[in-house]
Amino acid sequence: MRVLILTHGTRGDVQPYVALALALHRAGHQPVLAAPVAMASLAEPYGLPFAPLHDGPNTLIDDPEIREAIETNYRGLRGKRVALQVMRRSKPLMARVLDDMAGAAEGGADLVVHAPGMPGQHFAEWLGVPAVPAALQPVWVPTGAFRNPMLPLPVPRALNRASYLPIKLMLRSFGGIADKLRAGRLGLPRRRGRHDILRRPDGGPATVLQAFSAHLLPAGLDYPAWVHTTGFWYLPAASGWSPPPELAAFLAGGDPPVYVGFGSMAGTDPARVGRVVAEAVRLAGVRAVLTSGWGGMRTGDLPDTVFSLEQAPHDWLFPRMAAIVHHGGSGTTGAALAAGKPQVVCPFVADQPFWAARAHAAGVAPEPQPQRRLTAHGLAAAIRRAVTDRTMARAAAETGERIRTEGGVHRAVKLVEELS
């Protein structure tokens, strides 16, 4: 099959789709990954066909006001105002992204797999092939088991399903852009339900893939049969990758360190976050490997007990750590779970507080340490517990074993093959 994979966002939003493309390629199919041009380096080491898209809303990440809103999870009236501004500023940028996606679709496909936030169903309809939404977070398909993780406020259990309505409204906010594309470049007529990613053009349910583990979700899941929660999609280290000699020497030079990294998240004061982390590591009395990510943490001079690293494959690095301190993105959470190591989750925004709460509920992490309230003493206490609590270590190891046996991305490939 020729499979067109459409996604957008930062590294954590793109990397699982690279894993799917690689698994499809190894299974004998012909994937084409369409993603932001800035993410081309993710696909290049694996020799995967890559269709570059405009970086779109990613270009807004350095705006100080947006950084502040991310750091506070869009709380308060100011946060809501910024969220509306982001949506307004994103629309013309998304129009460029969708136009590039149409260009990628012109190459043809037998099936379109797309991030739910991207209207991939329109390109699949244009090609006359199935569309498969592939979700990295449990926010797109309503369930009565828990409220929408994107909703910051608790609701009565009876309203859990209704709490997913804002996601539909968010998708509709870009409906005008999609309709112009449908009527113009794609030449498709308007039809009822055209913006519903969970429905096929004939009104039947779409096959939905959920690239995370049901082991981490609350009990009582009631997803319909057409929704498949496969397990996390992991991207293995590229063939021939080896650690820098300095990193290998650091790891061999003492007790297993603690990993600290916040991925693509960027708050208002990366230098302050760096100081908090460095002091927390000192107070906890541990060695550490720090990764700066996309500017969320900036460090100065570091002691010999701390190693600064730009990046390394999680599947290689995490099993060598004593504990993993991260922001709670679904991909990093999944990698930490697979490594079987205790975690300390410091969420910023969106679904990150949900994953932080679920890691704590699973017994693999202390109470979450939200970025807006992050202190050196609080983080140090959480790190000390993560590296010394034997019950937590046992829970992390047992959970890791269950997570690793799921084979999420391979299950996803089998499900995609059944649609051909």
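**Exercise 1. How many bridges join strand β2 to β3, and do the two run parallel or antiparallel?**

Solution. The model is a predicted one.
- Find strand β2 at residues 30-36.
- Find strand β3 at residues 50-53.
- Between β2 and β3 there are 4 bridges, and the strands run parallel.
- For one point of reference, take Leu 33: Phe 50 in β3 stands opposite.

**Exercise 2. Sort the side chains of strand β3 by face, and state which are buried.**

Solution.
- Start from a rule: in a regular strand, side chains alternate between the two faces of the sheet.
- Strand β3 shows this alternation.
- Ala 51 and Leu 53 point to one face, and both are buried.
- Phe 50 and Pro 52 point to the other face and are not buried.

**Exercise 3. Describe strand β8 and its partners β9 and β11.**

Solution.
- Strand β8 covers residues 258-261.
- Val 258 and Val 260 point one way, Tyr 259 and Gly 261 the other.
- Here all four of these residues are buried.
- Next, take β9, residues 288-291: 4 bridges join this strand to β8, and the two run parallel.
- Val 258 has Ala 288 as its bridge partner in β9.
- Then take β11, residues 323-326: 3 bridges join this strand to β8, again running parallel.
- Tyr 259 stands opposite Ile 324 in β11.

**Exercise 4. Is Leu 42 buried or exposed, and which residues does it contact beyond its neighbours within four places in sequence?**

Solution.
- Locate Leu 42 in helix α2, residues 40-43.
- Its relative accessible area is 6%.
- The cut-off for buried is under 20%, so Leu 42 is buried.
- Leave aside neighbours within four places in sequence: Leu 42 is in contact with Arg 11, Val 14, Gln 15 and Val 18.
- Now compare positions with Ala 131, which lies 89 residues from Leu 42 along the chain. Their C-alpha atoms are separated by 24 Å.

**Exercise 5. Decide how compact the whole chain is.**

Solution.
- Count the elements: the chain has 15 helices and 12 strands.
- The radius of gyration is 21 Å, close to the 22 Å that the globule rule gives for 420 residues, so the chain is as compact as a globular protein of that length.
- The C-alpha atoms fill a box of roughly 65 × 50 × 40 Å along the principal axes.
- Buried residues make up 54% of the 420.
- Take contacts between residues at least 6 apart in sequence: 64% join residues at least 24 apart.

**Exercise 6. How many positive and negative side chains does the chain have?**

Solution.
- There are 44 positive and 33 negative side chains.
- The centres of the two sets lie 7 Å apart.

How values were computed. Residues numbered from 1 in each chain as written. Predicted model: local features only at pLDDT ≥ 70, side-chain atom pairs only at ≥ 80, totals over all residues. Heavy atoms only, no water. Rg over C-alpha atoms; globule rule 2.2 N^0.38 Å. Buried < 20%, exposed > 50% of the residue type's maximum accessible area, 1.4 Å probe, protein only. Contact = heavy atoms within 4.5 Å. Lys, Arg positive; Asp, Glu negative; His and termini not counted. Charge placed at Lys NZ, Arg CZ, Asp CG, Glu CD. Pairing = 2+ DSSP bridges.
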